[in-house]
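Here's a quick look at the charged side chains in this protein. Have the structure open while you read.

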Amino acid sequence: MSKTGRSSFILGIVIGMLVIVVLTALAVGLLMSGDMVYRIEIDALNIEAESGLARDIILRNYNAVIAYLNPFNSDSFSMPDLGASEGGINHFKDVKNILCGVYIFGAVCFISIILLSIFFKRRMTSGTLLTISLTIFLLPLTMIVAIALDFDSFFILFHELFFTNDDWIFSQVTDPVITILPAEYFMHCAIVIAVFWLLGSVFYLILSIRKKKKVPNQPVFIPRY
């Protein structure tokens, strides 16, 4: 591989990683924008029966959690019908800080993608675009395989990586919110994020194919006799 080829390959990996962050922020923003997905989850996971709560109570408290996690909300954490321990409240504070970081980092990465695409416009070849696509594809593939093999271990590892305490380990007695937010719900959220990554991978794959098909107009040599 030539020096130019190596630099284009590295550029593709860098942009691919930046795109992953942007797509993650977009997916999380969608999931946190309302209760549309969660309404489906209530029926799919039989949350009413599992929690012993009526649907309207479940939605009211879920929306209270979502409202608190909004980065522009400065209110203290509270739910209208469910209590919370000090550890539970601290955990939601940690979650909010992480989400804010995801949004900010996503915005920075989006700007970085634009600047890199402009600055290295000549190196954005079909091969570079294909590298971006493959880079984005590998992460959702790894996540889906991990979820399929052992979601519980994946779930625990995720919390151990992103949280510095054990406040995420809830008790139904002190933090009944866990009954309306089962682990399966977060598994489905992870799948939604992975789908966003896959769509991003397909997008850059299409760009790569279209770029490769574009052949610059070459001057036609017409011999003169």
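## Charges on show and charges in pairs

Let's start with Lys214, which sits in the segment that follows helix H7 (183-213). Keep in mind that this is a predicted model. Lys214 counts as exposed because its relative accessibility is 64%, and the cut-off for exposed is over 50%. Lys214 also belongs to a positive surface patch, together with Lys121, Arg210 and Lys211.

Now for the paired charges. How many salt bridges does the structure hold? There are three, and here they are:

| Acid | Base | Closest N and O atoms |
|---|---|---|
| Asp35 | Arg39 | 3.2 Å apart |
| Asp43 | Arg55 | 3.1 Å apart |
| Asp81 | Arg60 | 3.0 Å apart |

Take Asp35 and Arg39 to begin with. Asp35 is buried, because its relative accessible area is 14% and buried means under 20%. Its partner Arg39 is partly exposed at 38%.

Next come Asp43 and Arg55, which form a salt bridge. This pair ties together distant parts of the chain: Asp43 is in helix H2 (residues 36-44) and Arg55 is in helix H4 (residues 55-69), twelve residues apart. Asp43 counts as exposed, with 53% relative accessibility, while Arg55 is partly exposed at 25% relative accessible area.

That leaves Asp81, which forms a salt bridge with Arg60. Again the pair links distant parts of the chain, with Asp81 in the loop between H4 and helix H5 (86-119) and Arg60 in helix H4, 21 residues apart. Asp81 is partly exposed, at 37% relative accessible area, and Arg60 is partly exposed, at 38%.

Note on methods. Residues are numbered from 1 along each chain as its sequence is written. This is a predicted model: local features need pLDDT of at least 70, side-chain atom pairs count only at pLDDT 80 or more; totals for chains, interfaces and linings use all residues. Side-chain values use heavy atoms; hydrogens and water are left out. Patches are made of residues with over 30% relative accessible area and no salt bridge: like charges are joined within 9 Å, nonpolar side chains (Val, Leu, Ile, Met, Phe, Trp, Tyr) within 5 Å. Accessible areas come from the Shrake-Rupley method with a 1.4 Å probe; for residues, only the protein chains shown count as cover. A salt bridge is a side-chain nitrogen of Lys or Arg within 4 Å of a carboxyl oxygen of Asp or Glu. Lys and Arg count as positive and Asp and Glu as negative; His and the chain ends are not counted. The place of a charge is taken as NZ of Lys, CZ of Arg, CG of Asp or CD of Glu. Helices (H or I, at least four residues) and strands (E, at least two) are DSSP runs, numbered from the N terminus. Buried means under 20% relative accessible area, exposed over 50%, partly exposed in between (1.4 Å probe, protein chains only).
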